Amino acid sequence: MPNRWIPLTLLSLVAIGLIAAVVSISVGENRLEDYRLEEAGEVQQLIAGIRQLDDRLGPEDAAVSIDLFTDIQIPTGAEYQREVIDPLIEEYVRTGEANIILKHFPLGPKPVTAGGIAAEAAGMQDRQWQFAELFMRNLELAPEQGVTSGFLNEVAAVVPKLDVTRWEEDMASGEAEELAAADEKVAAEQRFPAAPTVIVTGPSSTEVLEEAPTLEEI
């Protein structure tokens, strides 16, 4: 009688190989392996070495404090960040003359966005600014269906010293969503227009600058 264990073993190996291939394809579909996040080095160069706490970037005792109400999940918000806010960080926050506080102000119909919640969760580890900057600079890489959990995880994985497991737990806890919603509530109470708003507070006065103020105006 012919020995049947050899072909059976081969069939088993083939089946295992097919299963592994299917699993590999499935994992690849759920990750953004084709969407390589960009400008991680530039973000680190911009933010590294500046004191962070929750949603604040810069020293608490700075002479000037800047509240930024913006929507990080829209292209115009990302463009405003690059053209106006990043130069402020380089010139005034890094030198300790000012600090800047990120306030999530969704410009769409929802009181919170997935990006805002994820950024607040990163802020619980004092990494909100790195997350927000990376998120905005890579918005065009998000899947066609919009910002997904996979995209958010890709951003989180690149943020230096962010405990991703803890970040996921903080997002799921509801606390990050409450923080983002609180920012939107303030913006609604102040009736800010649907554009980035900046509030500059100095030693003797406060100035509210609406409608996406320019760098020069700030």
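Start by selecting G174, just after helix α7, where the backbone takes a positive phi of about 95°. Helices here are DSSP runs of H or I of at least four residues, strands are E runs of at least two, and both are numbered from the N terminus. Now go to the other end of α7 (residues 164–173) and show D163, which caps the N-terminal end of the helix. One of the side-chain oxygens of D163 lies 3.2 Å from the backbone nitrogen of T165.

Before moving on, a word about what is on your screen. This is a predicted model, in which local features need pLDDT of at least 70 and side-chain atom pairs count only at pLDDT 80 or more, while totals for chains, interfaces and linings use all residues. Residues are numbered from 1 along each chain as its sequence is written, and side-chain values use heavy atoms, with hydrogens and water left out.

Colour the chain by pLDDT, the predictor's confidence in each residue from 0 to 100. The mean is 86, and 84% of the residues reach 70 or more. Residues 1–33 stay under 50. For that stretch the model has seven contacts beyond four places in sequence, a contact being heavy atoms within 4.5 Å.

**The sheet**

Next, show the strands. You should find an open sheet of six, in the order β1-β2-β4-β3-β5-β6, with mixed pairing. β1 (52–53) and β6 stand at the edges with a single partner strand each, so one side of each is left without a neighbour in the sheet. Two strands pair if DSSP finds at least two bridges between them.

Walk across from β2 (residues 56–57), which is joined to β4 by two bridges and runs antiparallel to it; select R56 and I101 to see one bridge pair. β4 then pairs with β3 in the parallel sense over seven bridges, and V64 has A98 as its bridge partner. β3 (residues 64–70) runs antiparallel to β5, with five bridges between them, including the one from F69 to T197. Finally, β5 and β6 (residues 206–209) pair in the antiparallel sense over four bridges. Here V198 stands opposite L209, and a hairpin of four residues joins the two strands.

How much of β3 is buried? Five of its seven residues are, where buried means under 20% relative accessible area, exposed means over 50% and partly exposed lies in between (1.4 Å probe, protein chains only). In β5 (residues 197–201), four of the five residues are buried, so this strand is largely enclosed by the rest of the structure.

**Two polar stops**

Select Q52 in strand β1. At 13% relative accessibility, Q52 counts as buried. The Q52 side chain makes a polar contact of 2.6 Å with the side chain of Q130. (A polar contact is a pair of N or O atoms within 3.5 Å; within protein, one must be able to donate a hydrogen and the other to accept it, and residues adjacent in sequence count only if both atoms are side-chain atoms.)

Then jump to H104 in strand β4 (residues 98–104). H104 is buried too, at 3% relative accessibility, and a polar contact of 2.7 Å joins the side chains of H104 and Q128. Beyond four places in sequence, the residues touching H104 include T70, I72, D183 and E184.

**Into the core**

Now display the largest nonpolar core, which has 47 residues. Such a core is a set of buried Ala, Val, Leu, Ile, Met, Phe, Trp, Tyr and Cys residues joined through side-chain atoms within 4.5 Å. I85, I89, W129, F131, F135 and W167 touch the most other members. Which helix gives the most to this core? Helix α3 (residues 75–93) does, with seven residues. Another core, of five residues, lies apart from it, with F69, F105, A187 and I199 among them.

Centre on I85: beyond four places in sequence, I85 is in contact with L68, Y80, I100 and W129.

**Last stop: the aromatics**

Show F131, F135, F151 and W167, which form one aromatic cluster. Rings of Phe, Tyr and Trp (its six-membered ring) pair if their centres lie within 6.5 Å; planes under 30 degrees apart count as stacked, over 60 as edge-to-face and the rest as tilted. The count by this rule is five aromatic pairs. In one of them, the ring centres of F131 and F135 are 6.2 Å apart with planes at 15°, so the pair is stacked. Both residues lie in helix α5 (residues 128–137), four residues apart, about one turn of the helix, and both are buried.
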